[in-house]
Structures are given as C-alpha cells and as structure tokens.
Amino acid sequence: SAGVEAGEGRGEPKMLSMMEMRTWIEPVVAGAQLASAFYDTGLLMEVKNYYNQTNSSSLTYSEAEQQKAISNFYIIYKLIDSLTPLLTAYSLGRLGDSKSRKISLCVPLGGYLISRMLLLFLILFSWPIEVMYGAAAWHGLAGGFATYWASVMAVGSQGSLESRRTLRLIIIELVYGIAGFVGSIASGHLFVNFHLKYRQGTVLVACSVGLYAFCLLYSMLVLRVPKPEGSCLAASMVTDHPENKLDEDDRNSVFHETESLPPVVPSKLILAMLFLGAVMYDLAVVGAMDVLPLFLLKEPLSWGPEYIGYANAAGYTIFITSFLGVLVFSKCLRDTTMIMMGIVSFSAGILIMAFVRQTYLFYIARAVMLFALIPMPTIRSLLSKHVGESSYGKVFVLLQLSLVLTGAVTSTIYNKIYQGTLDWFSGLCFLLSCSVVKQKWLQKDSRETGQQK
C-alpha cells in the first residue's frame with residue numbers, strides 16, 4: 001500500500017500532463033466559435049439583403065415589414081435547427097460512448113461544414129433564401145450544437161482528473177467566450193471590407209467554412225481521446241512506483257485492485273436534481289438575456305450600435321471573471337458552494353438590471369454578475385463525477401437537449417411577457433428571472449444543510 005500511495009503522489013502530475021497533451025479540445029472550440037460568429041453575421045446580412053432585393057419594387061414596403069419578414073425567417077430557421085437534433089442527438093451520444101468519442105464530435109462538425117457551405121453557394125449562385133431551411137435541417141440531423149457541445153464536454157471531462165475537472169471545463173468555456181468576442185468584432189469588418197465584386201459576404205462565409213474544415217480535420221487526425229481513467233491510474237501506479245520496480249505479485253495486485261473497483265452507480269436522485277438545477281438556471285438566464293437587447297434599445301436608455309457593442313463586450317468579460325473565480329475558489333470551496341456563489345451573483349445582478357435607467361447602472365449590474373457563468377460548467381463537472389466515463393456522451397447530450405428545449409420555450413414566453421409589460425414596467429422579466437434563480441438557490445441551500453446534518 002505504501003508503494004501505491006507513493007505512486008499516486010508522484011504519478012498524478014505526469015498522468016495529467018499526458019492526458020492534457022492528448023486531449024487539447026480547445027483548438028476545436030476556438031475555431032468553431034470563430035466560424036460560428038462569422039456565419040451568424042453573414043447569414044443575417046444575407047437575409048436582410050435578400051428581402052431588400054425581393055421587395056425593392058414595392059413602393060409600400062416599409063422597414064417594419066422588412067423586420068417582420070426577417071423575424072419570420074429566423075423563427076422557422078431556429079425551430080428547425082433546435083428540434084431536428086432530437087431525432088439523432090441521443091443516438092450519436094450513445095455511439096460516441098460505445099465506439100469512439102470522435103464519432104459524436106466529427107459528425108456534428110461535418111454537419112456544420114456542409115450547412116455553412118450551402119450559405120456560401122447561396123451567395124455565389126443567388127439561390128433563394130429558403131435553401132437555408134434545408135441547411136438548418138441538415139445541421140440538426142447531424143446532431144447540431146447539442147451533440148457537438150456535449151462531446152466537447154465529454155472529452156474535456158474524460159481528459160482531466162476529478163480534482164481539476166471544474167477548472168478544465170471552465171477553461172473550455174473561457175476559450176469559447178474569447179473566440180466569440182474576437183469573431184463578433186472581426187466579422188463586421190470582414191463583411192464590409194472584403195468581398196468578391198458585388199458578392200458581399202463571400203470572404204466572410206468562406207472563412208467560416210475554412211475554419212470548420214480545420215476543426216473537422218483536427219478532430220479526425222490530431223485529437224486523441226484518452227483511455228478510461230481506471231486503466232491510466234493503474235498504469236501510473238505501476239510506472240511511478242519507487243525505483244520504478246514492482247515484482248510480479250505487486251503488479252498483479254495493483255491491477256487486480258483497480259479492476260475490482262465497483263463501477264460507478266449514479267444516484268438517480270442526484271442526477272435528477274443536477275438536471276433540474278441546470279434547467280432552472282438556464283431558464284432564468286436565457287429568458288433575461290433574450291429580452292436584454294430590446295430593453296437597451298428602448299427609452300430611457302435608447303442605446304445605438306456603439307453602446308450595444310460595448311454591452312456585448314461587457315457580456316463576454318463574464319467568461320474571464322468566471323474563469324478566474326473558479327481558478328481561485330476551486331482550491332478552497334466545494335463545487336456546490338461555487339454553484340451557489342454563481343447563482344447569487346447572477347440573481348443580484350439581474351435584480352439591479354430591472355431598475356436600470358442610466359448607463360452607469362447597467363455596468364454596475366454587469367459587474368455584479370461577474371461569476372454568473374460558474375454554475376453551468378460546474379454542474380457538468382458534478383454530473384461527470386456521478387456517472388461512468390462510458391456514459392458521458394449520452395448524459396451530456398440529454399442535458400444539452402434539455403437546455404435547448406428550455407431555451408426555445410423560455411425565449412417565446414419571456415418575449416410575450418416583455419411585450420405585455422412594456423408600457424408599465426419593462427424590467428418585470430428580470431425580476432421574474434431573479435425569483436426563479438433565487439428559489440433554486442434556496443432549494444440547493446436547504447439540501448446542502450440536510451446533507452450536512
């Protein structure tokens with residue numbers, strides 16, 4: 001046993017470095033998010049140009065009608081994109097668990113690549129905008145964002161030790177946020193300044209296609225998914241034994257003990273509560289963030305494009321502050337404590353946001369939300385600790401599908417509430433989000449107290 005303890009003490013850093021070298025999923029996350037930012041801008045501008053050209057001959061065509069046409073396009077597009085993954089995402093997640101994690105990662109990336117190529121062809125060959133409904137369906141049937149992000153989280157979880165898993169997942173979120181920030185700023189400049197003759201957006205969308213192609217090739221040829229954690233642990237125990245020597249009996253004993261460890265049997269109650277917590281928190285966050293841009297455009301703020309850009313930049317800084325929070329507090333706080341800290345941060349910030357009437361109050365509210373990103377990656381980390389590695393894919397896919405459905409329903413409900421309360425108190429949606437997330441925090445706090453007792 002002394003040899004095993006010495007092996008664990010000296011073997012963990014070496015095992016960690018080997019795992020991290022083989023599972024650098026961050027280049028895929030950065031490249032795909034840059035490509036997504038380029039695509040979103042290109043699609044929006046192409047839809048706007050399409051309806052401008054289609055109705056330019058009509059003397060009675062107003063800006064409000066154009067906005068309605070664009071809105072109707074996106075309602076259909078997002079519904080197709082959100083619902084079609086329900087047909088394939090779970091199967092792809094299980095296939096990734098049983099065969100290879102690369103399957104559940106590369107198939108969605110292939111769907112991204114083909115759907116983005118359709119937008120490029122639409123621009124080059126002047127296809128009708130309805131082609132993008134087919135692109136959304138293809139993207140969804142390939143697994144969509146739900147399968148892609150679940151696979152990213154599974155690879156990140158499988159390639160990290162339990163003691164560092166929350167930090168690893170928040171680092172992935174940090175890369176995602178920084179790439180989105182850079183991509184959002186660069187996309188506008190690429191669209192305006194780089195294009196082929198009269199075909200605006202060709203260079204922008206071509207860059208998006210190229211980045212997705214890079215991500216797909218990297219995932220297929222470079223990325224290495226680590227072996228199950230138990231076998232790596234046994235190997236490190238043997239390799240890092242004092243003087244790097246074990247007799248045959250010791251080797252057999254170490255491997256026998258590792259193989260005889262009981263399998264991870266997840267508690268259905270714990271998994272259900274983690275899922276419920278993630279869905280409730282996502283419900284509060286998505287609803288508030290969907291309404292926020294509309295809130296900033298109306299009086300008394302009445303912000304223009306410049307200030308809206310600053311507001312988006314302030315939103316992306318939460319990725320950085322949440323990462324720093326996990327980096328510091330993970331050394332002294334439990335995961336559940338950090339989740340509650342993030343919930344309180346968002347709850348307090350969104351409560352202030354409900355009463356924002358001046359610019360400086362907006363930034364105060366955003367500053368209070370500095371840890372608001374911590375709960376979701378931490379919940380994913382806790383989920384990974386309560387299930388076996390062979391179930392990462394399907395569990396994360398189920399979670400992501402739950403969040404996608406929650407987001408689709410919540411966005412519609414909150415927008416209707418916002419429209420109904422616009423004239424007398426436009427911040428009501430923020431108070432609603434605060435009450436939902438506050439209730440979740442109190443429930444978690446009571447459960448923690450019960451467990452301690």
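Reader: Hi! Which residues does isoleucine 80 touch, not counting those up to four places away in sequence?
Author: Isoleucine 80 touches Pro85, Tyr133, Ala136 and Ala137. Contact here means heavy atoms within 4.5 Å. Keep in mind that this is a predicted model, where local features need pLDDT of at least 70, side-chain atom pairs count only at pLDDT 80 or more, and totals for chains, interfaces and linings use all residues. Residues are numbered from 1 along each chain as its sequence is written, and side-chain values use heavy atoms, with hydrogens and water left out.

Reader: Thanks! And where does isoleucine 80 lie?
Author: Isoleucine 80 is part of helix 3, residues 63-83. Helices (H or I, at least four residues) and strands (E, at least two) are DSSP runs, numbered from the N terminus.

Reader: How far is isoleucine 80 from alanine 135, C-alpha to C-alpha?
Author: Their C-alpha atoms are separated by 9.5 Å, with the two positions 55 residues apart along the chain.

Reader: Is isoleucine 80 buried or exposed?
Author: Isoleucine 80 counts as partly exposed, because its relative accessibility is 23%. Buried means under 20% relative accessible area, exposed over 50%, and partly exposed in between (1.4 Å probe, protein chains only).

Reader: Okay, what about isoleucine 308?
Author: Leaving aside neighbours within four places in sequence, isoleucine 308 is in contact with Leu296, Leu297 and Trp303. Isoleucine 308 belongs to helix 13, residues 305-329, and counts as partly exposed at 21% relative accessibility. Proline 293 is 15 residues from isoleucine 308 in sequence and 7.8 Å away in space, C-alpha to C-alpha.

Reader: Switching topic: how do helix 4 and helix 5 pack?
Author: Helix 4 (residues 89-98) and helix 5 (residues 101-125) pack at an angle of about 140°, and their axes are 5 Å apart. That is why helix 4 is oblique to helix 5. Axes are lines fitted to C-alpha atoms, for helices over the stretch in contact, and angles run from 0 to 180 degrees between N-to-C directions. Angles under 35 degrees count as roughly parallel, over 145 as roughly antiparallel, 65 to 115 as roughly perpendicular and the rest as oblique.

Reader: Which residues make that contact?
Author: Helix 4 brings Leu92, Leu95, Gly96 and Asp97, while helix 5 brings Arg101, Ile103, Ser104 and Val107.

Reader: What's special about serine 126?
Author: Serine 126 has a positive phi of about 55° although it is not a glycine. Serine 126 sits in the loop between helix 5 and helix 6 (131-141), and is partly exposed, with a relative accessible area of 47%.

Reader: Zooming out, how many helices and strands are there?
Author: The chain has 18 helices and 0 strands. Of its 453 residues, 47% count as buried. Among contacts between residues at least 6 apart in sequence, 82% join residues at least 24 apart.

Reader: And what is the mean pLDDT of the chain?
Author: The mean is 78, and 77% of the residues reach 70 or more. pLDDT is the predictor's confidence in each residue, from 0 to 100.

Reader: Where does pLDDT stay under 50?
Author: One such stretch is residues 228-264, for which the model has 41 contacts beyond four places in sequence. Residues 445-453 are also below 50, and that stretch has 6 contacts in the model beyond near neighbours in sequence.
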